[in-house]
Amino acid sequence: MRSLPDDAERPGRADGTDEESPGARRSAASTDGLPAWLRPVADVAARVTPADFRGALPPDGGGRSSAVLLLFGEDADGRPEILLIERAHTLRSHAGQPAFPGGAIDPDDDGPVAAALRETVEETGLDPLGVEVFGTLPALYLPPSGYVVTPVLGWWHTPSPVRVVDPEEVASVHRVPLDSLLSAANRLRVRHPSGFVGPAFAVAGLVVWGFTGGVLDRLITLAGWERPWDRNRVEDLPVHLVNLSRAGVRADAQRNPRADTHSAGTNEPQAPQASTGREQGETS
């Protein structure tokens with residue numbers, strides 16, 4: 001397995017070093033074969049609890065189970081990256097929104113891991129034999145669609161070509177450098193006309209916001225990768241994304257009349273936030 005070259009760009013810890021915390025809890029089963037830069041994410045998976053998230057917990061009685069794949073890899077030069085997709089603009093739900101690949105857990109799936117891998121294969125043509133799953137994050141609730149989503153963490157040890165498999169489901173597929181996500185120039189908060197304000201990333205010609213932006217924001221913080229950025233930078237969500245989100249709310253409401261559409265005024269959920277309230281993501 002490739003190791004990162006000494007001069008490669010990689011996520012740094014909040015204190016500017018690459019050193020791991022001496023007290024970090026590690027599991028041999030979860031970190032065997034992982035590159036050093038990815039081990040903080042495995043540590044997060046080992047210690048994170050629902051209390052580390054706010055406003056995104058499953059309701060009593062649960063909801064429709066689904067899973068997404070947070071697939072970490074390296075480019076040809078050994079630089080860390082993550083796989084994202086842009087959903088087709090014609091979908092009834094989450095149209096045009098950047099997202100992790102994934103979807104609903106089918107009866108034939110053997111749990112969230114199998115579902116996340118299957119959906120990623122169907123959406124991007126990924127070869128799952130090149131992926132090592134090393135953990136999961138707590139299940140998160142997505143109003144108003146009613147999904148309860150389990151984020152699955154994967155190491156893409158043997159990258160395979162990825163592409164749009166079905167244009168009716170996926171508009172584009174992106175291998176996004178982590179350095180781009182961590183760059184202060186690409187970090188901001190977006191404001192939806194409903195009053196929702198949450199973390200976002202301007203990368204790969206996309207605005208990554210809502211659930212996906214919230215999960216990335218929390219994971220970056222918990223892994224100790226966060227770099228200083230201007231939290232006062234708040235921009236209006238681009239009009240085309242607002243229009244797509246409103247169309248999704250109407251479709252979700254028709255399918256699920258009991259759905260909670262107040263949360264963000266959009267088919268994207270309230271972004272997962274720290275229990276300390278350090279980041280603002282509530283609706284007005």
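**Figure 1. The hairpin of strands S9 and S10 in the predicted model.** Five residues separate S9 from S10 in this hairpin. Within the turn, Gly195 has a positive phi of about 110°. The two strands, S9 (residues 187-191) and S10 (residues 197-203), run antiparallel and are joined by five bridges. At Arg191 of the hairpin, the residue standing opposite in S10 is Val197. Four of the five residues of S9 are buried, so that strand is mostly covered by the definition of buried as under 20% relative accessible area.

**Figure 2. Pairing of strand S9 with strand S12.** S9 also pairs with S12, here in the parallel sense, over three bridges. One residue to look for is Val190, whose bridge partner in S12 is Glu235. In general, the strands of a sheet pair through backbone hydrogen bonds, either parallel or antiparallel.

**Figure 3. The open sheet of four strands.** The strand order is S11-S10-S9-S12, and the pairing is mixed. Strand S11 (206-208) and strand S12 (234-236) are the edge strands, each pairing on one side only. On average, neighbouring strands of this sheet are turned by 45° against each other, direction ignored. The antiparallel pairing in this sheet includes that of S9 with S10, and the parallel pairing includes that of S9 with S12.

**Figure 4. Helix H5 against the sheet strands S9, S10 and S11.** Helix H5 comprises residues 210-222 and lies across these three strands. The helix runs at about 85° to S10.

**Figure 5. The surroundings of Asp109.** Asp109 lies in the loop between strand S4 (102-104) and helix H3 (112-124). Its relative accessible area is 15%, and Asp109 therefore counts as buried, the cut-off being under 20%. The side chains of Asp109 and Arg118 are joined by a polar contact of 2.8 Å. Apart from neighbours within four places in sequence, the residues in contact with Asp109 are Ala104, Ala114, Ala115 and Arg118. Arg118 thus appears in this view both as a contact of Asp109 and as its partner in the polar contact between side chains.

Notes: Residues are numbered from 1 along each chain as its sequence is written. This is a predicted model: local features need pLDDT of at least 70, side-chain atom pairs count only at pLDDT 80 or more; totals for chains, interfaces and linings use all residues. Side-chain values use heavy atoms; hydrogens and water are left out. Two strands pair if DSSP finds at least two bridges between them. Axes are lines fitted to C-alpha atoms, for helices over the stretch in contact, and angles run from 0 to 180 degrees between N-to-C directions. Contact means heavy atoms within 4.5 Å. Buried means under 20% relative accessible area, exposed over 50%, partly exposed in between (1.4 Å probe, protein chains only). A polar contact is a pair of N or O atoms within 3.5 Å; within protein, one must be able to donate a hydrogen and the other to accept it, and residues adjacent in sequence count only if both atoms are side-chain atoms.
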